[in-house]
Amino acid sequence: MRRCFSVGVMTLVIGALVVVGGKSVVAADEYAYDLVHSSVSFKARHLDISWIHGRFNEVDGKFSLDRENPSKSTFQLTIKADSVDTANKARDEHLRQPDYFDTKQFPTIEFKSTSTKPVEGGYEVTGDFTMHGKTKKITFVLKGGKEHDFKGTKRVGFSTELSLKRSDFGFDKSAIGPIGDEALILIDCEGVRK
Amino acid sequence: MPEPLLYLKAMGAAALVSALFVLALAGVRRPASAAWLNSACVLGMGLGLAVGCCVLPLRWAWPPANGLDRFLTIAVPAALGIELIAGFQCVPRWAAWFLRMSLATTIPGILLHGSVYLNGSGNDWPLWRVVTALMLSGALLAGVWVLLSWLSRRSPGVSIPLALCLTTQCAGLTVMMAGYIKGGAAAFLLVATLLATTIAVGLIAKRAGSPSIVDAPAILGIGVIGLFSLLFIGLFFGRLSTGGALVLLLAPLLCWATETPLLRHRKPWIVGSLRLVLVAIPLVVVLAVAKRDFDRDMAPLLGKGPASTFRLHRGD
């Protein structure tokens, strides 16, 4: 009788552990960056009188969202620097040169989160941002996170704006010229659940 | 943005330091032996480049992040070190050339280190293409170095280092017009130190009445490595065309034209002037093509292309 009881308790404990463990795995949803419905764009001052707008056409990324334990959520983004597009071929070619993005030496711009904190309306994400061979820790607020089931596929959307100084990432100050040092980066991304 | 005044300042500082250093060291030991003078040239050029880099400013970064960093922190010190060792009389010629050829074959790989060409992220560059490019580039550098040194020993004179200076200056301008401003600026510093060292050595040789002293292999070595490296990074990281880079690298070899029986026994100043004129011809063509391409590429950025207009009324 005692043996039967202890076997029953053990079964319950193991079952509960399996359920809890399984639940925590299920809780983190993995999403892939949807290039079609997302954009990474930027703007920088020109001669301090106007703004030049541009975007990166080739971006890849993934994020995992843990709704129950948001601090376990992670975000990752890889931008192909070569895909810079400012609607002017000559300028794009100029931006790929060693004085600017140096895309043959530094082909990607990357972000990898190191900590995530839930805030009202989204997440406060801190992580390593690597551009032009230099890595710096940055923090920004990702707004959104609302889910939508579209034709059986779960989608989630986020957006953020962040300001970066190009000189902080090893861009030559004298080469910056008439284009302002500070660049505003706008990220609007949609993730498709894997 | 290019800053001509700053370039002139940096070139002036680099030239002054190099020339004064060489003249001072030559003054310490009279008469200066060829080995002593060669060492003075190496140290003078190293010091001149260092001062010029500080004025420009081109910072030494460690670990070097890009092609230009690797040129300044690895290629130039390696060339200076090898030329310093090669200059000692106790070092056999074959050993000196072994060191030089080792450097020539490794420099292309050093300059491309960590780039899309070597780390595999550039899909358009398969391994065989990378290996071929590295081997051909190394062979070209070695070939130019050997041929110029041979000519310098056969028929010494300031015209060979001057031809190198002329070519490097044009290379700098072309690289700059191809969109790589810092790369071009580095070439100007190299020209200033090479030119100042050559003039200083020329003065010492004149005073000593020994024209063979002018054959300072260090000037040629640093000049050839510098010219090759700047063209190489301009080609692989910038937008310098392969044709333009090849013409610029091979142009100094036109100095060999004066070795034909018809010109060989002319007066030294005629031979020297002819060498410079012959080298200048392809350089002018490359510069003209680079300027045309620059104007064409920059027109849309400078508002010379089609644009819509708007009228602004102030005060109404």
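This is a short guided tour of selections to make in the viewer, moving from chain A to the chain contact and then into chain B.

The model is predicted, so local features need pLDDT of at least 70, side-chain atom pairs count only at pLDDT 80 or more, and totals for chains, interfaces and linings use all residues. Residues are numbered from 1 along each chain as its sequence is written, while chains are lettered from A and ligands numbered from 1 in the order in which they are written.

**Stop 1: strands of chain A**

Start by selecting residues 39-46 and 50-56 of chain A, which are strand 2 and strand 3. Helices (H or I, at least four residues) and strands (E, at least two) are DSSP runs, numbered from the N terminus. Strands 2 and 3 of chain A run antiparallel and are joined by 7 bridges; two strands count as paired if DSSP finds at least two bridges between them. Show Lys43(A) and you will find its bridge partner, His53(A), in strand 3 of chain A. The two strands form a hairpin with 3 residues between them, and Leu47(A) in the turn has a positive phi of about 55°.

Now add residues 179-193 of chain A, which are strand 11. Strand 2 of chain A pairs with strand 11 of chain A in the antiparallel sense, over 7 bridges. Look for Phe42(A), which stands opposite Ile185(A).

Next, bring in strand 10 (residues 153-165) of chain A, which pairs with strand 9 (residues 134-150) of chain A. Strand 10 of chain A is antiparallel to strand 11 of chain A over 11 bridges, with Gly157(A) partnered by Glu190(A). On to strand 9 of chain A: 6 bridges link it to strand 10 of chain A, again antiparallel, and His148(A) has Arg155(A) as its bridge partner. These two strands also make a hairpin, here with 2 residues between them, and Lys151(A) in the turn has a positive phi of about 50°.

**Stop 2: where the chains touch**

Show both chains together. The contact takes 18 residues from chain A and 22 residues from chain B, two residues being in contact if their C-beta atoms, placed from the backbone, lie within 7 Å. On the chain B side, helix 3 (67-87) and helix 8 (181-208) each supply at least two residues. Helix 8 of chain B gives the largest share, 3 residues. By class, the chain B side has 10 nonpolar, 8 polar and 4 charged residues; Ala, Val, Leu, Ile, Met, Phe, Trp, Tyr, Cys and Pro count as nonpolar, Asp, Glu, Lys and Arg as charged, and the others, Gly among them, as polar.

**Stop 3: helices 7 and 8 of chain B**

Keep helix 8 of chain B and add helix 7 (residues 159-177) of chain B; they pack at an angle of about 165°, with their axes 7 Å apart. Axes are lines fitted to C-alpha atoms, for helices over the stretch in contact, and angles run from 0 to 180 degrees between N-to-C directions. The pair is therefore roughly antiparallel, a term for angles over 145 degrees. Residues that meet here include Leu162(B), Cys165(B) and Thr168(B) from helix 7 of chain B, and Ala187(B), Phe188(B) and Val191(B) from helix 8 of chain B. The contact has 15 nonpolar, 6 polar and no charged residues.

**Stop 4: helices 4 and 6 of chain B**

Finally, select residues 93-112 and 127-154 of chain B, helix 4 and helix 6, which pack at about 140° with axes 8 Å apart. Among the residues that meet are Arg100(B) and Met101(B) in helix 4 of chain B, and Leu134(B) and Trp145(B) in helix 6 of chain B.

Technical notes
Angles under 35 degrees count as roughly parallel, over 145 as roughly antiparallel, 65 to 115 as roughly perpendicular and the rest as oblique.
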